[in-house]
Amino acid sequence: MTTPGCAFPTSIETLYSDHHAWLRGWLRRRLGNADQAEDLAHDTFIRLLSSERVPPTLSEPRAFLTTVAQHLVSNHWRREKLERAYLEALAQAPQPMNWSPEDRAIVLETLLELDRLLDGLPALVRRAFLLSQLEGQTHAQVAQALGISIPTVKRYIVKALQRCCFADLSFTG
């Protein structure tokens, strides 16, 4: 076993054997749920296996693992929040939506992917797009609400649409 503060050749196998139990405990304390902690610890190492950016040596392997895991925790909480909002919207629909579990999963995955894409935009661009597309505001109303010009609103909406429509929607998240 290696010492946590020492530099050593990095292999995912070594990271896993030396730090998996510690990471799982860290995640369990953070999430308050042992099953979710196990899943996210597993996902952390899967992320590392699929990444080409794992440094050849790590002087602080636990800090590195914590950074990767924290991104996954943030995504987990974001996904839970979006899923709750989605289920609440379905429950409040005027007519019950009798979608199959598969259809619901596809819609939820699409919403999550759109959320990820929009999250990559500057806040003002994202806000202009959402005001226009979700709240049905006109370009003039969006411009007034955000304190920008109508041509800027149009540019922002085009930018957001391009990001969503021309993205690779392969759900690799």
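Which residues of the largest nonpolar core touch the most other members? In this predicted model, the core in question has 17 residues, and those that touch the most other members are L15, L23, L27, L40, F45, L48 and L65. Two or more residues of this core are given by each of the elements α1 (12-31), α2 (34-49) and α3 (61-91), and the largest share, 6 residues, comes from α1. Apart from this core lies another one, of 15 residues, which includes L121, V125, V142 and C164. In soluble globular proteins, nonpolar side chains tend to be buried together.

**Contacts around the largest core**

One member of the largest core, L40, can be followed through its neighbours: leaving aside residues up to four places away in sequence, L40 touches L27, L31, L72, V73 and H76. Another member, F45, takes part in an aromatic pair, and a search of the whole structure finds 1 such pair. The partner of F45 is Y16, and the arrangement of the two rings is edge-to-face, with 5.0 Å from centre to centre and 75 degrees between the planes. Because Y16 lies in helix α1 and F45 in helix α2, the pair ties together parts that are 29 residues apart in sequence. How is each partner placed with respect to the surface, buried or exposed? F45 is buried, with a relative accessible area of 4%, while Y16, at 41% relative accessibility, counts as partly exposed.

**The packing of α5 against α7**

At what angle do helix α5 and helix α7 pack? Helix α5, which covers residues 123-133, and helix α7, which covers residues 150-165, pack at an angle of about 90 degrees, and their axes are 8 Å apart. Since angles of 65 to 115 degrees count as roughly perpendicular, α5 and α7 are therefore roughly perpendicular to each other. On the side of α5 the contact is made by L124, V125, A128, F129, S132 and Q133, which meet Y156, I157, K159, A160 and L161 in α7. The residues of this contact divide into 8 nonpolar, 2 polar and 1 charged. V125, named here in the contact with α7, is also among the members of the core of 15 residues.

R126 has its place in helix α5 as well, and with a relative accessible area of 24% R126 is partly exposed. Not counting residues up to four places away in sequence, R126 touches L118, D119 and L121, and of these L121 is one of the members of the core of 15 residues.

**Single residues and their places**

A few further residues help to orient the reader along the chain. A145 is found in helix α6, residues 139-146, and at 51% relative accessibility A145 counts as exposed, given that exposed means over 50%. When residues up to four places away in sequence are not counted, A145 touches L131 and Q137. N75 lies in helix α3, and at 40% relative accessibility N75 counts as partly exposed. E13 is found in helix α1 and is exposed, with a relative accessible area of 66%.

The table sets out how far some residue pairs lie from each other along the chain and in space, with the distances taken from C-alpha to C-alpha.

| Residue pair | Separation in sequence | C-alpha to C-alpha distance |
|---|---|---|
| E13 and Q95 | 82 residues | 52 Å |
| N75 and R116 | 41 residues | 9.3 Å |
| R126 and A160 | 34 residues | 6.8 Å |
| A145 and A128 | 17 residues | 8.9 Å |

Two of these pairs lead back to the contact of α5 with α7: A160, which stands 6.8 Å from R126 between C-alpha atoms, is one of the α7 residues in that contact, and A128, whose C-alpha atom is 8.9 Å from that of A145, is one of the α5 residues in that contact.

Key: Residues numbered from 1 in each chain as written. Predicted model: local features only at pLDDT ≥ 70, side-chain atom pairs only at ≥ 80, totals over all residues. Heavy atoms only, no water. Axes fitted to C-alpha atoms, helices over the stretch in contact; angles between N-to-C directions. Helix = DSSP H or I, 4+ residues; strand = E, 2+ residues; numbered from the N terminus. Parallel < 35°, antiparallel > 145°, perpendicular 65-115°, else oblique. Contact = heavy atoms within 4.5 Å. Nonpolar A, V, L, I, M, F, W, Y, C, P; charged D, E, K, R; others polar. Core = buried A, V, L, I, M, F, W, Y, C linked by side-chain atoms within 4.5 Å. Buried < 20%, exposed > 50% of the residue type's maximum accessible area, 1.4 Å probe, protein only. Phe/Tyr/Trp six-rings, centres within 6.5 Å; stacked < 30°, edge-to-face > 60°.
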